[in-house]
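Please open the model in your viewer and keep the selection panel at hand. The tour below moves from one selection to the next and says what is to be found at each stop.

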Amino acid sequence: MFKVLVIAESSGDRLSVSTLEVCRAASELSVRLGGHWGMLVDHRAAEDAGVVAPEVSSFDLQGIAYAGPEMLTDIAAQVAKAADLVIMPATSTGKDVMGRLAQTLDAPLAQDCTGFEVIAGRPVFKRALYGGKVTANVKLSGELTLVSFRPRSYAPIPLSDEVTKARPCKVRFSELMAAVTLQEKASSERPDVTEASIVVSGGRGLQGPENWHVLEDLLDALGPDAALACSRPVSDENWRPHSEHVGQTGRAVAPDLYIAVGISGATQHVAGIARSKCILAINKDPAAPIFKVADYGIIGDLFEVVPALAAAIRSGT
Ligand SMILES: Cc1cc2nc3c(=O)[nH]c(=O)nc-3n(C[C@H](O)[C@H](O)[C@H](O)COP(=O)(O)OP(=O)(O)OC[C@H]3O[C@@H](n4cnc5c(N)ncnc54)[C@H](O)[C@@H]3O)c2cc1C
């Protein structure tokens, strides 16, 4: 029987939204392939995992606050051998863990997939290439295969009332893990940029880090589902953290609404935003390439347009 294992990402006692999304993929894969699926999760989120996954294995980090990619790989490698297919969200941590796991287990890996189909009883994964212009069909061969799915490729699996009891799994704690003391994950009130339904993204047009309050004010007006992003030069210049950099070499986002402010729309940037449902561009140059991919455009000075937009949203006009 085909067994799919989801390696969960969690923050405290909650599963991440992108984990709930890959649970949907795991569930669909196991139905289509006539198998079953389960989840490997930090014991603190085991109860949350129990309401979505039919089988839950939990591990206890023995007082360590946050499992980084090295630790998660170490734990997953001990459990993954029992599965046919291991899945994680293609977040920064997920891609990091899956790369390490592929090397540790000598297993083939397809990163950043957006879907799958079943051909002749085997899963074939969809992967966007050349900034989304081409979709590759990736077939993995091997007894154990690994796949990461891009956030927002699947709708999150709904929570059910039935709680599956987590089965604590026996994992050895390696010297590496014993050497790790405490690693706190940076916490933010805002959703991760890959999970947010609205993304407000700033480019070099902002002119410097001191002007980011203009975007933060718009973010506040838009509410708690909005997250900040930026173009690559902005993070290269250290105006914003690298985790917010969107594009070919950064994060790929797929929000309901992407607001590009002072961003020219270079192909490398557009590659990371092409799956957005709606793009609004604000730029003072009417010839900026971003307007070619935008659904809506405002031509004007962002320092006038953005505060006016935030005020209009607040007043409901
Ligand atoms: C291999 C490679 C990989 C790359 N990967 C990425 C990537 O992943 N992500 C990425 O973003 N880039 C990437 N780049 C860089 C990319 O080519 C562009 O250089 C970059 O996206 C440009 O960033 P920008 O739009 O913020 O800046 P600019 O190109 O400088 O554009 C700034 C824009 O702001 C507008 N503007 C200026 N002032 C105002 C104002 N007051 N009001 C309104 N509008 C204003 C201007 O009209 C202009 O359109 C990559 C490049 C290479 C070679």
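**First stop: a strand and its neighbour**

Select Val 199 together with Ala 227, and you will find that Val 199 stands opposite Ala 227 in β13. Keep in mind throughout that this is a predicted model. Now widen the selection to the two strands, β12 and β13, which run parallel and are joined by five bridges. Strand β13 covers residues 226-230, and five of its five residues are buried, so the strand is largely enclosed by the rest of the structure. If you show side chains, Ala 226, Leu 228 and Cys 230 appear on one side of β13 and Ala 227 and Ala 229 on the other, and with all of these buried both faces of the strand are covered. In a regular strand the side chains alternate between the two faces of the sheet.

**Second stop: strand β10**

Next select residues 145-149, which make up strand β10; five of the five are buried, so this strand too is largely enclosed by the rest of the structure. Thr 145, Val 147 and Phe 149 point one way from β10, while Leu 146 and Ser 148 point the other way. Add strand β6 (residues 85-89), which runs parallel to β10 and is joined to it by five bridges; here Met 88 stands opposite Ser 148. Then add strand β7 (residues 109-119), which is likewise parallel to β10 and is joined to it by three bridges, with Leu 109 having Leu 146 as its bridge partner in β10.

**Third stop: the aromatic rings**

How many aromatic pairs does the structure hold? There are three aromatic pairs to look for. A pair of aromatic rings is described by the distance of the centres and the angle of the planes. Stay at the end of β10 and select Phe 149 with Tyr 154: their ring centres are 5.4 Å apart and their planes stand at 85°, so the pair is edge-to-face. Both Phe 149 and Tyr 154 are buried. Adding Phe 125 to the selection completes a cluster, since ring pairs link Phe 125, Phe 149 and Tyr 154.

Now move to Trp 212 and Trp 239, which form an edge-to-face pair with 6.3 Å from centre to centre and 65° between the planes. Trp 212 lies in the loop between β12 (198-202) and α6 (213-222), whereas Trp 239 lies in the loop between α7 and β14 (257-261), so the pair ties together parts that are 27 residues apart in sequence. Both Trp 212 and Trp 239 are buried.

**Last stop: the ligand**

Finally, centre the view on the ligand and select the 25 residues that surround it, of which the closest are Arg 204, Ser 231, Thr 249, Ser 264 and Asn 283. Coloured by class, this shell shows six nonpolar, 14 polar and five charged residues.

Which residue places an N or O atom of its side chain 2.8 Å from a nitrogen atom of the ligand? Select Thr 249 to see that contact. Two further distances to display involve the backbone: a polar backbone atom of Arg 232 is 3.0 Å from an oxygen atom of the ligand, and a backbone N or O atom of Lys 284 lies 3.1 Å from a ligand nitrogen atom. On its own the ligand has 990 Å² of accessible area, of which the protein covers 76%. To end, show the elements that give two or more residues to the shell, namely α7 (232-236), α8 (267-270) and α10 (302-315).

Technical notes:
Residues are numbered from 1 along each chain as its sequence is written. This is a predicted model: local features need pLDDT of at least 70, side-chain atom pairs count only at pLDDT 80 or more; totals for chains, interfaces and linings use all residues. Side-chain values use heavy atoms; hydrogens and water are left out. A residue is near a molecule or strand if one of its heavy atoms lies within 4 Å of it. A polar contact is a pair of N or O atoms within 3.5 Å; within protein, one must be able to donate a hydrogen and the other to accept it, and residues adjacent in sequence count only if both atoms are side-chain atoms. Accessible areas come from the Shrake-Rupley method with a 1.4 Å probe; for residues, only the protein chains shown count as cover. Helices (H or I, at least four residues) and strands (E, at least two) are DSSP runs, numbered from the N terminus. Ala, Val, Leu, Ile, Met, Phe, Trp, Tyr, Cys and Pro count as nonpolar, Asp, Glu, Lys and Arg as charged, and the others, Gly among them, as polar. Rings of Phe, Tyr and Trp (its six-membered ring) pair if their centres lie within 6.5 Å; planes under 30 degrees apart count as stacked, over 60 as edge-to-face and the rest as tilted. Buried means under 20% relative accessible area, exposed over 50%, partly exposed in between (1.4 Å probe, protein chains only). Two strands pair if DSSP finds at least two bridges between them.
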